[in-house]
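Let's take a friendly walk through a protein model, one region at a time. Have a look at the picture first, then read on.

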Amino acid sequence: MNFKYGKNILFFGLVILISFASSSCQRISNKNKNKNENKEVILASFTVLADIIKNVAKDEFIVRSITKPGVEVHGYQPTPSDLVKASTAFVFIDNGFGFELWAEKFVSNLKVLRITVAEDLDPIFISEDLYKGKPNPHAWISPKRGMIYVDTIVESLSELRPSKRGVFEENGRFYKERLSKMDKEFSLFINNLNKDRRYLVSCEGAFSYLTNDYGLEEVYLWPVNAESQITPKRMARTISLVKDKNVPTVFCESTVSNESQMVVVNETGANFGGNLFVDSLSDDSGPANSYIKMLEHNLELIKKGLF
Ligand SMILES: [Zn+2]
């Protein structure tokens, strides 16, 4: 994992000096201050990543997300208020693999450290259309890869604050146990699932890491949401596959319209299994307001739909 710096290296010297200064002030006047007042801010590019970071950082940092729950992230357009929000942060953590099409320009306007999680991940490449040959960005969708995200965040936060390495490692271990439990349960489900039912049909091709890691066949209406164009050829291909393979259930994602998938439902008689969460968590009233809940929600819908 590498840290990348924004434009002005001198600025970081200054930031380090200021943070040393502020941490010694903190020691002196800590008791009378609001608990969060002197905490440094980590900015994540999207809600899923922010939640993973929060679970590792706990009380050590304030963690915020640039994009809000429910928002489509690939083609997001940062607003002036996002820049204001970002100016209080000392680190920007993004997914990479081309997920945040806006990140490069956004970061060039900021003076922050940048950490890109994808540098620690083995990519699965997109096999068609505009994004052919580029890494599929949605690695977090598989609990197996989610555990690698946790390791990367533990290591990154430990490098940012070496005195708290033990705390971050402990938080990471606890969090990974929950992911590992989910991983084992889903593997067991797939192993017991009849081979001719192992198809995951979705709107976006966002499930490659999940289907690859657990032995499902991935079928989708478009490869990446940034494109989200359904061509007649692709529609026809999906319909004939669902019919030929007798796929019982098809799905869509929470951040796009499921209109196109309903055409597949009407043409094939397959069930619509609901919206899976990928690029964005739900708000607090929704079923996927944390990364763990998002995976649980998705895996439950898939189990129900394919069983
Ligand atoms: Zn996506």
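A nonpolar core is a set of buried Ala, Val, Leu, Ile, Met, Phe, Trp, Tyr and Cys residues joined through C-beta atoms within 7 Å. A residue counts as buried if 20 or more other C-beta atoms lie within 10 Å of its own, as exposed if 12 or fewer do, and as partly exposed in between, with the C-beta atoms placed from the backbone. Please keep in mind that this is a predicted model, in which local features need pLDDT of at least 70 and side-chain atom pairs count only at pLDDT 80 or more, while totals for chains, interfaces and linings use all residues. Residues are numbered from 1 along each chain as its sequence is written.

**The chain as a whole**

How far can you trust the picture? The predictor's confidence in each residue is called pLDDT and runs from 0 to 100. The chain averages 89, and 88% of the residues score at least 70. Residues 6–33 are a weak spot, with pLDDT under 50 throughout and 14 contacts beyond four places in sequence. Where pLDDT is low, the predicted coordinates should not be read in detail.

Helices (H or I, at least four residues) and strands (E, at least two) are DSSP runs, numbered from the N terminus. This chain has 10 helices and nine strands. Of its 307 residues, 39% are buried. Two residues are in contact if their C-beta atoms, placed from the backbone, lie within 7 Å. Among contacts with a separation of 6 or more, 59% link residues 24 or more positions apart.

**Helix H2 and the core**

In soluble globular proteins, nonpolar side chains tend to be buried together. The largest nonpolar core here has 76 residues, and those touching the most other members are Ile 42, Ala 44, Ile 52, Ile 53, Val 56, Val 91 and Ile 93. Helix H2 gives the most to this core, with seven residues.

Why is H2 described as largely enclosed by the rest of the structure? The reason is that 10 of its 11 residues are buried. Its buried residues include Thr 47, Leu 49, Lys 54 and Asn 55. Their cover includes strands E2 (41–44), E3 (62–65) and E4 (89–94), along with helices H5, H6 and H10. Just after H2 comes Lys 58, whose phi is positive, near 45 degrees.

Val 56 makes a good place to zoom in. Not counting residues up to four places away in sequence, Val 56 touches several residues, among them Val 150, Ile 153, Val 154 and Leu 157.

**Helix H5**

Those four partners of Val 56 also appear among the buried residues of H5. Helix H5 (residues 143–160) has 18 residues and reaches 25 Å from its first C-alpha to its last, close to the 26 Å expected at 1.5 Å a residue. That expected span is 1.5 Å times one less than the number of residues. The cover over the buried residues of H5 includes H2, strand E5 (113–116), helix H6 (165–191), H7 and H10.

Is Ser 156 buried or exposed? Ser 156, found in helix H5, is buried, because 24 other C-beta atoms lie within 10 Å. The C-alpha atoms of Ser 156 and Ile 53 are separated by 10.0 Å, with their positions 103 residues apart along the chain.

**Paired strands**

Two strands pair if DSSP finds at least two bridges between them. Here are two such pairs.

| Strands | Sense | Bridges |
|---|---|---|
| E6 (residues 199–204) and E7 (residues 217–222) | parallel | five |
| E8 (residues 249–253) and E9 (residues 271–276) | parallel | four |

Six of the six residues of E6 are buried, so E6 is largely enclosed by the rest of the structure. From E6 the chain crosses through helix H7 (residues 208–214) to E7 in a right-handed β-α-β crossover. Right-handed means that, with the strands pointing away from the viewer, the path from the first strand over the helix to the second runs clockwise. Leu 200 stands opposite Glu 218, and Glu 204 stands opposite Trp 222.

Strand E8 is covered on both faces, with Thr 249, Phe 251 and Glu 253 buried on one side and Val 250 and Cys 252 on the other. The path from E8 to E9 goes through helix H9 (residues 259–268), and this β-α-β crossover is right-handed. Thr 249 stands opposite Asn 271 in E9.

**Leu 301 in helix H10**

Our last stop is Leu 301 in helix H10 (residues 291–306). Leu 301 is partly exposed, because 18 other C-beta atoms lie within 10 Å. Leaving aside neighbours within four places in sequence, Leu 301 is in contact with Phe 251, Gly 273, Gly 274 and Leu 276. Leu 301 and Gly 274 are 27 residues apart in sequence and 7.2 Å apart in space, C-alpha to C-alpha.
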